Amino acid sequence: MTTEDYLDAEIETASPEEIQHLQQGKLAKQLDYLFARSAFYREKFEKVGIRREHYRELSDLSQFPFTTKEELRLSQAACPPLGRHIAADWADVIRVNSSTGTTGKPSFVGITRRDAEIWTRITARSFYTQGLRKADAVIHAAGLTMFVAGLSSKDAIESLGAVFIPIGTGASEKALAAIQFLGANAMHCTPSYATYFADFVRREAGLDPKDLGLRKLFCGAEPGAGIPSVRNRLQQDWGARVTEGLGNADMAPIIFGECPNQSGMHFNGQEFIAVEIIDPDTNEVLPMETGVTGELVYTSLERECVPLLRFRTRDRVTVTGTVCPCGRTSLKLRCIGRTDDMLIVLGVNVFPSAVKDVVSSFSPATTGEIQIVLDQPGPQVVPPLRVVAEFGKAMVETATLKTEIERKLKAALSIPAAVDLVPAGTLPRFEMKGQLVRKAYENGGKGR
Ligand SMILES: [Zn+2]
């Protein structure tokens, strides 16, 4: 390994103790700032009897209260435009993004110039970890308007000296032209879009996506690229290396990025964000050890506009390692889904992405496209779990295939499922994030 392998070699290869020491000092300053500038947090702390002097070292963080998305939403509704949790002056805010969330009502997130610099650094570090270099040209085939990883990806990619090509969404002709005429060799998009775009290239241009020369796929915004069968298919379709990133609209656009070792996403916010993994049912802090699964919690260490303490992301993650052949010392993880997407079948937690993984593993007998059909609002599901899956091109007797998939779902996920097989191309394709669940109880049974 040489320093060229890292964007910030010193911090990316520092020992966990060095990072903790750095974080400990920065959190003290962030708390000073919160007590001085945030009425939202002063009130929260007062309610639970927490005072500034209760923080002496990093482990004291676990005594502080969590912050939830719902609290931020209420704070924003009560005190528009940005909420009571905003700790900077409006005059110092330089950009506002939004996250749509599950309720559909956008929540706004502002940043100051210093916040933007930090976002650029963390996001650039994540892209660099994923293998982006100065000579690359990247198609940004994802949201640009209001999307937190839109303009901040532009800033980050340009800061590395690579070429940023702003395609946006719903513009596959432009994306194809950028590859053909500009020689773009990398793409930043959702895994759903990478799948959709491969079909588009074959169908509309009569070309094999592999021949286009796209060699680096940076995926994010949904768990797909971390599902082995989905990733394998994308890599075969494009002849590209797929790595994924993970961020959060309220904290920073891309905080975790996977190195070419492809064994999980490295944490890249070392000096700007403290990470905890908690048991979402007991709220207990879990050890950062390989195999640990829980909810990801972020604390900002240097944030002006929206400093957040112990923010519950609702992202369910599993730690995949604490050492890596790439030499980075930060923990690696995979996101298995959002708490909001989780279903419970006979007491077993099931993420739609896990069902998709099982069904995709039957490729080419299945296309890998699935839909879970809910007859009533989740997360509790009356068994069996209804799964619609597409059979692929391979000649397999569908009755046998149905039984095999149901058996494997039972073996892998411990849940009873009823699988309906439909012809390839029947289920809807999504250009942005995939929709793996159809709410049959909405819109007179026709809900998506
Ligand atoms: Zn690595």
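The legends below describe close-up views of a predicted model.

**Figure 1. The zinc site, with four protein donors arranged as a tetrahedron.**
The zinc ion is held by the SG atoms of Cys259, Cys324 and Cys326 together with the NE2 atom of His266, and these donors lie 2.1 to 2.3 Å from the ion. Because the angles subtended by the four donor atoms run from 98 to 117°, the arrangement is tetrahedral. For four tetrahedral donors the ideal angle at a metal is 109.5 degrees. Along the chain the donors follow the spacing C-x6-H-x57-C-x1-C, and within this set His266, in strand β9 (residues 265-267), and Cys324, in the loop between β12 (311-321) and β13 (332-338), link distant parts of the chain, being 58 residues apart. His266 and Cys324 are both buried.

**Figure 2. An edge-to-face pair of rings formed by Phe127 and Phe218.**
The structure holds 10 aromatic pairs; in the one shown here, the ring centres of Phe127 and Phe218 are 5.7 Å apart and the ring planes stand at 75°, so the pair is classed as edge-to-face. Phe127 belongs to helix α5 and Phe218 to strand β6 (residues 216-219), and with their positions 91 residues apart in the chain the pair links distant parts of it. Phe127 has a relative accessible area of 0% and is therefore buried, and Phe218, at 0% relative accessibility, likewise counts as buried.

**Figure 3. A tilted aromatic pair, Phe256 and Phe267.**
The rings of Phe256 and Phe267 lie 5.4 Å apart, centre to centre, with 50° between the planes. Since Phe256 lies in strand β8 (residues 252-258) and Phe267 in strand β9, the pair ties together parts that are 11 residues apart in sequence. Both Phe256 and Phe267 are buried. Elsewhere in the structure, ring pairs join Phe35, Phe40, Tyr41, Phe45 and Phe64 into a cluster.

**Figure 4. The largest cavity and its lining, to which helix α5 makes the largest contribution.**
Two cavities of 30 Å³ or more are found when the whole structure is searched, and the largest has a volume of about 60 Å³. Its lining includes Asp115, Ile118, Trp119 and Ile122, along with Met251, Ala252, Phe272, Ile273, Ser300, Glu302 and Arg303. Helix α5 (residues 113-129) supplies four residues, the largest share of this lining. Seven of the lining residues are nonpolar, one is polar and three are charged.

**Figure 5. The second largest cavity, with a volume of about 50 Å³.**
Residues lining the second largest cavity are Lys69, Leu72, Gln76, His85, Ile86, Ser107, Phe108, Val109, Asp250 and Val306. Two elements, α4 (69-78) and β2 (107-112), give two or more residues to this lining. By class, the lining of the second largest cavity divides into five nonpolar, three polar and two charged residues.

**Figure 6. The second largest pocket, with a volume of about 730 Å³.**
This pocket is lined by 24 residues, and Gln20, Gln23, Leu58, Val275 and Met288 are those that lie nearest its centre. Both α2 (16-37) and β10 (273-278) supply at least two residues of the lining, and α2 gives the most, with five. The lining of the second largest pocket has 14 nonpolar and nine polar residues, with one charged residue.

**Figure 7. Helix α10 and the cis peptide bond between Ser363 and Pro364.**
Helix α10 (residues 352-360) is largely enclosed by the rest of the structure, because seven of its nine residues are buried. These buried residues are Pro352, Ser353, Val355, Lys356, Val358, Val359 and Ser360. In the loop between α10 and β16 (366-374) lies Pro364, which is joined to Ser363 by a cis peptide bond with an omega of about 5°. A cis peptide bond, also with omega about 5°, joins Pro80 and Pro81, and Pro81 is found in the loop between α4 and β1 (93-99).

**Figure 8. Positive phi values at Asn283 and Arg314.**
Asn283, in the loop between β10 and β11 (293-300), has a phi near 65°, a positive value in a residue other than glycine. Its relative accessible area is 33%, so Asn283 is partly exposed. Arg314, which lies in strand β12, is not a glycine either, yet has a positive phi of about 65°. With a relative accessible area of 35%, Arg314 is partly exposed.

How values were computed
Residues numbered from 1 in each chain as written. Predicted model: local features only at pLDDT ≥ 70, side-chain atom pairs only at ≥ 80, totals over all residues. Heavy atoms only, no water. 1 Å grid on protein atoms, 1.4 Å probe; cavity = no way out; pocket = protein on both sides within 12 Å on 5 of 7 lines; lining within 4 Å. Points joined across faces, edges and corners; volume = space filled by probe spheres on them. Nonpolar A, V, L, I, M, F, W, Y, C, P; charged D, E, K, R; others polar. Donors = N, O, S within 2.8 Å, 3.2 Å for Na, K, Ca; no water. Tetrahedral: all angles 85-135°; square planar, octahedral: opposite > 155°, others 65-115°. Buried < 20%, exposed > 50% of the residue type's maximum accessible area, 1.4 Å probe, protein only. Phe/Tyr/Trp six-rings, centres within 6.5 Å; stacked < 30°, edge-to-face > 60°.
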